[in-house]
Amino acid sequence: MTALAYGPDQASDPVAQAGRRRTFAIISHPDAGKTTLTEKLLLYGGAVAEAGAVKARAGRRRAASDWMEIEQQRGISITSTVLQFTYRGCVINLLDTPGHRDFSEDTYRVLAAADAAVMVLDVAKGVEAQTLKLFEVCRARRIPVLTFLNKYDRPGREPLALLDEIEQQIGLRPTPVTWPVGIPGDFRGVVDRRSGDFIRFTRTARGATAAPEEVVAPAQAEVDESGAWDQAMEEVSLLDAVGANLDHESFLAGDTSPLFVGSALTNFGVRHLLDAVVDLAPRPSARPDQSGRPRALEDPFSGFVFKVQANMDPAHRDHVAFVRVCSGRFERGMTVVHAASGRPFSTKYAASVFGSERDTIDEAYPGDVIGLVNASDLRIGDTLHQGTAVVFPPIPAFAPELFATARARDTSRHKQFRRGLAQLEQEGVVQVLHDPDGDPSPVLAAVGQMQFEVFSYRLEHEYDAVIELSAPRPRIARRTDGATAAQLRSVGGCRILARSDGALLALFESPYWLQRLQTDHPDWQLEAVLTHPSGTT
Ligand code: G4P
């Protein structure tokens, strides 16, 4: 494998630097192997020398990644962080996403900052219903997706059936680049469809070091693996016949997904996947601004905030905004403009952030992510820039599906309650709604139940405010305007609530009633997609 060509004169050229960036996120159902794969990518990226170190460091890293106690208790990852390492001359930015559907909105925001995604599926489970929403998010963003069929070292499902399932359920056409030889439970290795070679699977104890890859010519594989090889060849010719072949253009368009078979635990297939990230995943390109005009990579620095998070470091009670760089060269200490307010913003405290660990970052290029510490004025979707003004489009929010009323248990803690509420709303932990003419208690709106749990937990542990939450109720939310809201109030059958930015939401209990109103009054504004309350528009 060759390293990407890159000359010393290009050291600070944003276009050359963008060319060597690959920024992607891993999405998967909890337990499919995202953490294991991340560790192995680090191993292959040379970020750590051997798996003992990976484990030790992973232990620390994982603790850092799962910095929030609730994550440790539930064994899920809610917070997103970013890892950077180099591989074959490329700078790889790996963005972490929460692996649970309840946090799909968070995943959506992270994907706004990624150029590609790796979807990890457990070969025994396939596409799990709970995670479908995360994959739909990928489809909605039309983000190029690579698929990694994990845990091939142990019994699993029939691979052709899995391909069907991916296509049917996600609407993404898998194009296998490697194909398994041997039945699930008796895995022999893979055939690389590009070369026809057989890559033998050797069981390494938990993949202590990068797996030695035994590449066997097809004629020899036929002798060594006879029955299993013949079966694999039959399946491969079936794939050829239906045209399920690697196609770069349709991959970039988000229609097909190059698929790799492997076992993250034993390192098998990890190198193939990483090579595919370098060779197939798109490099950062000029990002369209709000009016659709692309911001050229060589333009002065610009970037947008895709995540904010307070209190990551409990000792310092800080506030970090994660910014994806879109153009130019970022240099720590430079003063940039906060597009929403027009005010200058100092970047003295720029860092790379992983959980509660952080290192100072001195420079960054398109595709990179910087953490701006103590950036309490920055909101999700905000643009920062130097030179010619630019505003990137806001990151759309999901329509919330569950609603619960919150009250501070101890009224003397009302101030803390308010402060926490404002902060957690800003982070997008939940959306906060008010009834303009009724109960003054805020109504919390979320996509999934666990968002409420995180909200309550953080309010109690970070703001010392214990809350009482009514049982969350499912409702259908539609964004509306003042005129329609007045009409809706007169016909009834829904509740009108206001977001802190003034946007009005109509909450319907009955889908039929909503449908009927839409049929009878096509001119009423009842919009399904909502923009984030802290977006710039
Ligand atoms: P997640 O981040 O997606 O939630 O998954 P994670 O990597 O934590 O993996 C979940 C479990 O699956 C772990 O086992 C892990 O070792 C195992 N696993 C991951 N990849 C493979 C694979 O390729 N083959 C096999 N056989 N297992 C795999 P655990 O028992 O929960 O944890 P541990 O004690 O092994 O660390």
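## The Glu-427 to Arg-458 salt bridge

Glu-427 and Arg-458 form a salt bridge, their closest N and O atoms lying 2.8 Å apart; the term denotes a side-chain nitrogen of Lys or Arg within 4 Å of a carboxyl oxygen of Asp or Glu. This pair joins distant parts of the chain, 31 residues apart, with Glu-427 in helix α11 and Arg-458 in helix α12 (residues 449-463). Both Glu-427 and Arg-458 are buried, that is, under 20% relative accessible area, where exposed means over 50% and partly exposed lies in between (1.4 Å probe, protein chains only).

The model is predicted, with local features requiring pLDDT of at least 70 and side-chain atom pairs counting only at pLDDT 80 or more, whereas totals for chains, interfaces and linings use all residues. Residues are numbered from 1 along each chain as its sequence is written, and side-chain values use heavy atoms, with hydrogens and water left out.

## Helix α11

Helix α11 comprises 14 residues (414-427), and its end C-alpha atoms are 20 Å apart, in agreement with the 20 Å expected at 1.5 Å a residue. The expected span is 1.5 Å times one less than the number of residues. Among the buried residues of α11 are Phe-417, Leu-421, Leu-424 and Glu-427. Gly-428 follows α11 and has a positive phi, near 80°.

## Other salt bridges

A search of the whole structure yields 30 salt bridges. In helix α14 (residues 511-520), Asp-520 and Arg-516 lie four residues apart, about one turn of the helix, and form a salt bridge with their closest N and O atoms 3.4 Å apart. An α-helix has 3.6 residues a turn, so residues three or four places apart point the same way. Asp-520 counts as partly exposed, at 46% relative accessibility.

Salt bridges with shared partners join Asp-186, Arg-188, Arg-200, Glu-214, Asp-224 and Glu-225 into one network. Within it, the side chains of Arg-188 and Asp-186 meet at 3.1 Å, N to O. Arg-188 is partly exposed at 28% relative accessibility, and Asp-186 is likewise partly exposed, at 36%.

## Aromatic pairs

The whole structure contains eight aromatic pairs. Rings of Phe, Tyr and Trp (its six-membered ring) pair if their centres lie within 6.5 Å; planes under 30 degrees apart count as stacked, over 60 as edge-to-face and the rest as tilted. The ring centres of Phe-201 and Phe-268 are 5.3 Å apart with planes at 85°, so this pair is edge-to-face. It links distant parts of the chain, 67 residues apart: Phe-201 is in the loop between β9 (198-200) and β10 (214-216), and Phe-268 in the loop between β11 (256-261) and α10 (270-279).

Phe-201 and Phe-268 are both buried. Ring pairs connect these two residues with Tyr-152 and Phe-187 in a cluster.

## Ser-302

Ser-302 lies in strand β14 (residues 302-310) and is buried, with a relative accessible area of 0%. Its side chain makes a polar contact of 2.7 Å with the side chain of Ser-327. A polar contact is a pair of N or O atoms within 3.5 Å; within protein, one must be able to donate a hydrogen and the other to accept it, and residues adjacent in sequence count only if both atoms are side-chain atoms. Beyond its neighbours within four places in sequence, Ser-302 is in contact (heavy atoms within 4.5 Å) with residues including Arg-295, Cys-326, Leu-384 and Phe-392.

## The chain as a whole

The protein chain has 14 helices and 33 strands, taken as DSSP runs numbered from the N terminus (helices H or I, at least four residues; strands E, at least two). Of its 537 residues, 56% are buried.
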